[in-house]
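Here are some questions and answers for a reader new to this structure. Take a look at the model first, then read on.

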Amino acid sequence: MSPSQHIQSFGNHLILGVSGTSLNDDDKRALSELKPVGVIFFAKNFLDGVPYQIWVENFNQLNHSIREYTERTFMFMTIDHEGGRVVRMPLPITRFPLSYLLKFHAQEVAKATACELRSLGINVSWSPVADIFSNPQNPIIGPRAFGTTPETASQRAREYYRGLKQGGMITCAKHFPGHGDTSQDSHVELPTLNLTVEELQRRELIPFKTLIEEQIPLIMTAHILFPQIDAEVPATLSRTILNHILREELNFQGVVVSDDLDMKAVSEMFMQSGTVARAFYAGCDLFIVSRNINSSSIERTYQIAEDFTASLSNGSLDEKVVVAARERIEKLLEGTPQYPVYALEKEILVKNAELAITSTFTI
């Protein structure tokens, strides 16, 4: 395989962010050369301050351009969309409350959410959050989690998952093996959690176990160091955590996706040669590079892709490991619906807004 084929091969494992409401030259180059299997959207990808029909049509054009440059008919069109503070799209897309407030409405809200995402051509929602709201000082998870105990977090995350699934979404449990007890934000630093495997089994792993039993297809890694379990590397790079615990103990058969590689917790690690190979050996199949943090340059994305290429060429990354990961991704992609982009009827959005108000008022 030539270097250009190798670098394109990395695209089979890449979810990439694009720069804005239309493609710039860097986007076009990366999409056409790397051919990522998916994209991740943020607020910057939606026109703001214009009528609904106009921003939807603009987003439709962006979708078409992405598929044109990647030359892919089947793609993961993905977004972080949890309600509360994690909503990327302009109005009139519904502002549902934080997960912690949903309580008895989780499944109904998830189904309505899926309807709105589907109308934007989105087929993968990076949710539900399977973390537990166990540390009130947590700066990044907190009420994004569904509950303060393993039982409530499991039950409501399961209901939310079922609603998304009924609504035609591919879903992802995050952030394995649990981000709820940290007091640091992995977007800006590497958090450390001094928990043992036994402590994880009694608390953090329970919601993930519940969702694995429900056959959730994707699980996202946490950029957190667990020194009692693996003192060397964060969970995203830990074979002990992703292979021994997730694959072997919890029997997860789906696709393991990294959290964003642009996050400060791991961004420098992934600029070092051999890190991508280590992540594959640990158990990662798919990698997110959002290009949404600190104006991450396209050159960072290429450096990661070139590290992948070099690792295959020098034999430090076994092609069999990559093939196994690609087969898991392809199996998931085959079952992923591809949706057109269209504006929803006003009545649907009004009904969803009423549901948001109802779920906010429930105690």
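A salt bridge is a side-chain nitrogen of Lys or Arg within 4 Å of a carboxyl oxygen of Asp or Glu. This is a predicted model: local features need pLDDT of at least 70, side-chain atom pairs count only at pLDDT 80 or more, and totals for chains, interfaces and linings use all residues. Residues are numbered from 1 along each chain as its sequence is written, and side-chain values use heavy atoms, with hydrogens and water left out.

Q: How many salt bridges does the structure hold?
A: Side chains of opposite charge can pair when their charged atoms come close. Counted over the structure, the salt bridges number 17.

Q: Which residue forms a salt bridge with lysine 35?
A: The closest N and O atoms of the pair are 2.7 Å apart. Lysine 35 lies in the loop between helix 2 and strand 2, and its partner in the loop between helix 3 (52-70) and strand 3, so the pair ties together parts that are 36 residues apart in sequence. Helices (H or I, at least four residues) and strands (E, at least two) are DSSP runs, numbered from the N terminus. The partner is glutamate 71.

Q: Is lysine 35 buried or exposed?
A: Buried means under 20% relative accessible area, exposed over 50%, and partly exposed in between (1.4 Å probe, protein chains only). Its salt-bridge partner, glutamate 71, is exposed at 64%. Lysine 35 has a relative accessibility of 13%, so this residue counts as buried.

Q: What is the phi of lysine 35?
A: Most residues other than glycine have a negative phi. Lysine 35 is not a glycine, yet its phi is positive. The residue sits in the loop between helix 2 (25-34) and strand 2 (38-41). Its phi is about 50 degrees.

Q: Where does glutamine 215 lie?
A: Glutamine 215 also has a positive phi, near 70 degrees. With 64% relative accessibility, glutamine 215 counts as exposed. Its place is the loop between helix 8 (205-213) and strand 6 (218-221).

Q: Which residue meets arginine 203 in a salt bridge?
A: Arginine 203 is partly exposed at 25% relative accessibility. Its partner is buried, at 4%. The N to O distance is 2.8 Å, and the partner is glutamate 204.

Q: Which residues are linked in a network of salt bridges?
A: One pairing is that of arginine 88 and aspartate 80, at 3.6 Å from N to O. Arginine 88 is partly exposed at 22%, while aspartate 80 is buried at 14%. The network links Asp80, Glu82, Arg88, Arg144 and Lys174.

Q: What is the omega of the peptide bond from phenylalanine 176 to proline 177?
A: Most peptide bonds are trans. This bond is cis. Proline 177 lies in the loop between strand 5 (170-176) and helix 7 (197-202). The omega is near 5 degrees.

Q: Which residue does a cis peptide bond join to leucine 91?
A: Omega is about 10 degrees at this bond. The partner sits in the loop between strand 3 (76-79) and helix 4 (99-102). It is proline 92.

Q: What is the volume of the largest cavity?
A: On a 1 Å grid over the protein atoms alone, a cavity is a set of points where a 1.4 Å probe fits but cannot get out; lining residues have an atom within 4 Å of a point. The structure holds one cavity of 30 Å³ or more. Its lining includes His81, Glu82 and Tyr160. The volume, the space filled by probe spheres set on the points, is about 40 Å³.

Technical notes:
On a 1 Å grid over the protein atoms alone, a cavity is a set of points where a 1.4 Å probe fits but cannot get out, and a pocket is an open set with protein on both sides within 12 Å along at least five of seven lines; lining residues have an atom within 4 Å of a point.
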